[in-house]
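Okay, thanks everyone, let me get going. I'd like to walk you through the strands in this one, and then a couple of backbone angles. Have a look at the screen.

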Amino acid sequence: MSVLLEATKIGKHFGGVQALKDVSLTINTGEIYGLIGPNGAGKTTFFNVLTGLYPKDGGTVTFDGAPLPLGSPHAVTRAGIARTFQNIRLFANMTALENVMVGRHARAKVGVGGAVMRHRRAREEEAAIRRRAEELLHYVGIADRGGQLARHLAYGDQRRLEIARALATEPRLLALDEPAAGMNATETSELKTLIEGIRADGVTVLLIEHDVKLVMGLCDRVAVLDYGEKIAEDVPDAVKRDPKVIEAYLGA
Amino acid sequence: MDIFLQQVFNGLTLGSIYALVALGYTMVYGILGLINFAHGEVVMIGALTALAAANALLALGLPVPLVLLLALLAAALVCMALGFTIERVAYRPLRNAPRLAPLITAIGVSIVLQQLAMLIWGRRYHSVPQLLPSGSHTIFGAQVTEVQMIIMATAALTMLALTQLVNRTRLGRAMRATSESPSIAALMGVDANRIIALTFVIGSGLAALAGVMVSANYGITHYHMGFLLGLKAFTAAVLGGIGNLAGAMVGGVLLGVIEALGAGYIGDLTGGVFGSNYQDVFAFFVLIVVLIFRPSGLMGEKVSERA
């Protein structure tokens with residue numbers, strides 16, 4: 001199995017608070033990799049560093065054999081990492097379809113200026129963007145919501161839309177930040193099916209999640225963060241039995 | 001009744017111009033949260049550039065329609081380059097500064113442009129050559145000049161085109177996405193710097209057009225014309241709900257009509273105490289009243305069409 005992402009000794013502090021302490025982890029191509037830990041353990045910070053939203057203080061990230069350009073979020077997206085957010089961050093006043101179409105921006109070949117002039121190649125690309133966006137809405141199961149403003153969608157549909165928008169950037173690694181937060185049991189089980197489908201279609205998944213049952217049932221391997229440090233990384237069954245994990249997170 | 005209709009037509013003409021300028025304010029505000037007080041001066045530069053170009057080209061003996069087209073083009077190019085430069089030099093370095101800093105800078109840029117125009121074109125009023133047809137028609141008893149008709153039609157078409165641009169193209173989507181959340185838009189591959197620069201360029205192009213319209217409408221132009229016009233257009237943008245494109249259009253047209261009606265009737269309404277020279281007071285008075293009852297402007301809540 002080949003390595004897709006290798007993070008080595010990632011550090012990040014905010015003032016005096018050490019949010020991440022030398023966190024190293026390796027994600028293999030094609031796996032669903034879980035990242036769990038108590039609140040404030042540094043999971044989302046790790047995501048933000050990984051997607052270029054926060055500058056890191058130390059360490060290196062290699063993605064697909066090359067150093068990941070962490071300078072700009074745009075470059076990270078182009079390299080092939082897409083993410084969703086714990087607190088959903090859609091373009092609330094744009095339609096669902098438009099949200100996904102914006103996600104295609106990273107892969108568009110004709111510049112925005114050219115797209116205004118509407119010559120043939122630009123028109124074809126615009127049509128292709130729209131087609132792909134429609135396919136993705138269908139893929140995540142909200143094909144009939146395309147024309148609605150994102151802020152008018154039901155909560156679960158907003159989560160799906162965010163996944164569709166992330167997929168629109170053609171990621172090789174999809175990072176999901178608590179996608180099941182606020183979902184009921186039915187929605188969570190549908191989400192599980194969706195994530196499994198995404199992996200089956202060749203996208204590696206990094207999952208932050210509080211729902212331990214979901215993580216353990218879905219992930220091939222799981223890392224546990226506590227106070228900014230990785231305290232375990234293994235297959236779910238081994239992690240569940242790890243005394244350090246039980247003490248820090250899972251409880252007796 | 002004749003006076004009423006006459007003033008409505010005059011107001012629609014004036015309002016079309018306000019609307020074009022207001023769009024420039026509202027687009028920049030929507031995307032940066034910045035009130036670009038230099039925008040009125042861009043209109044002035046557009047008007048004076050077009051005048052200079054028109055005079056030079058007429059001296060060459062070119063046909064009038066061609067002169068008009070080239071003068072407009074020259075004004076648009078100069079204003080777009082100016083808008084681009086202002087953003088790059090004055091605002092971009094302050095992107096993450098406290099909000100007051102770019103506001104003060106905007107006022108500074110405004111003064112610089114005014115003084116620059118005074119040095120180039122002098123303090124005097126310039127009369128504008130008649131490039132548009134000078135006929136007029138009687139519509140329901142009101143005299144409407146062909147200049148007014150052309151202004152209204154051009155403004156309407158321009159606004160329609162802008163609406164299409166914002167709602168139907170990839171650039172428009174990128175603009176709306178950036179205005180809602182610059183960081184998420186960047187994550188999706190939208191180059192915020194380029195989008196912001198383009199927003200300034202488009203707004204400045206509209207300003208150039210508005211500048212030419214103002215000078216065509218009044219037949220005169222001077223280096224100080226941008227100040228009050230800018231203030232009125234900004235008022236129109238606030239009236240409609242700043243940040244909202246449709247609001248700027250509605251606010252602009254409405255303000256023009258209110259102002260014209262105010263000018264027409266203020267004498268009668270106040271028993272002759274105030275004359276039509278108080279029309280500006282009337283316009284700002286309406287703004288105050290609207291803001292008391294709808295602080296976010298007439299269309300301020302319908303944020304879906306922000307750009």
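So, let's start with strand β9 of chain A, residues 221–226, which runs antiparallel to β10(A), with five bridges joining the two. If you want a spot to find on screen, look for A:D226: its bridge partner in β10(A) is A:E229. And before anyone asks, yes, this is a predicted model.

Now zoom out a bit. What is the order of the strands in the open sheet? Reading across chain A, it goes β6-β7-β8-β3-β9-β10, six strands, and the pairing is mixed. At the edges sit β6, residues 81–83, and β10, residues 229–234, and each of those pairs on one side only. As for the twist, neighbouring strands in this sheet are turned against each other by 20 degrees on average, if you ignore direction.

What packs on that sheet? One answer is helix α10 of chain A, residues 243–250, which touches β3 (that's 32–36), β9 and β10. The direction of α10 makes about 125 degrees with that of β10(A).

Right, over to another bit of chain A. Strand β1, residues 3–14, pairs with β4, residues 58–63, in the antiparallel sense, and there are five bridges between them. One pair to look for here: A:G11 stands opposite A:G58 in β4(A). Then β4(A) also runs antiparallel to β5, residues 66–67 of chain A, this time over two bridges. There, A:F63 stands opposite A:A66 in β5(A).

That hairpin of β4(A) and β5(A) has two residues between the strands, and A:D64 is where the phi gets interesting. Quick reminder: most residues other than glycine have a negative phi. A:D64 isn't a glycine, yet its phi is positive, about 55 degrees.

And there's another residue like that. A:E170 isn't a glycine either, and its phi is also positive, at about 55 degrees. Where does A:E170 lie? In the loop between α6, residues 155–168, and β7, residues 173–177, of chain A.

So are these two buried or exposed? Somewhere in between. A:D64 has 16 other C-beta atoms within 10 Å; buried would take 20 or more, and exposed 12 or fewer, so A:D64 counts as partly exposed. For A:E170 the count is 16 as well, so A:E170 is partly exposed too.

That's me done. Questions?

Notes. Residues numbered from 1 in each chain as written. Chains lettered and ligands numbered in written order. Predicted model: local features only at pLDDT ≥ 70, side-chain atom pairs only at ≥ 80, totals over all residues. Pairing = 2+ DSSP bridges. Helix = DSSP H or I, 4+ residues; strand = E, 2+ residues; numbered from the N terminus. Axes fitted to C-alpha atoms, helices over the stretch in contact; angles between N-to-C directions. Contact = placed C-beta atoms within 7 Å.
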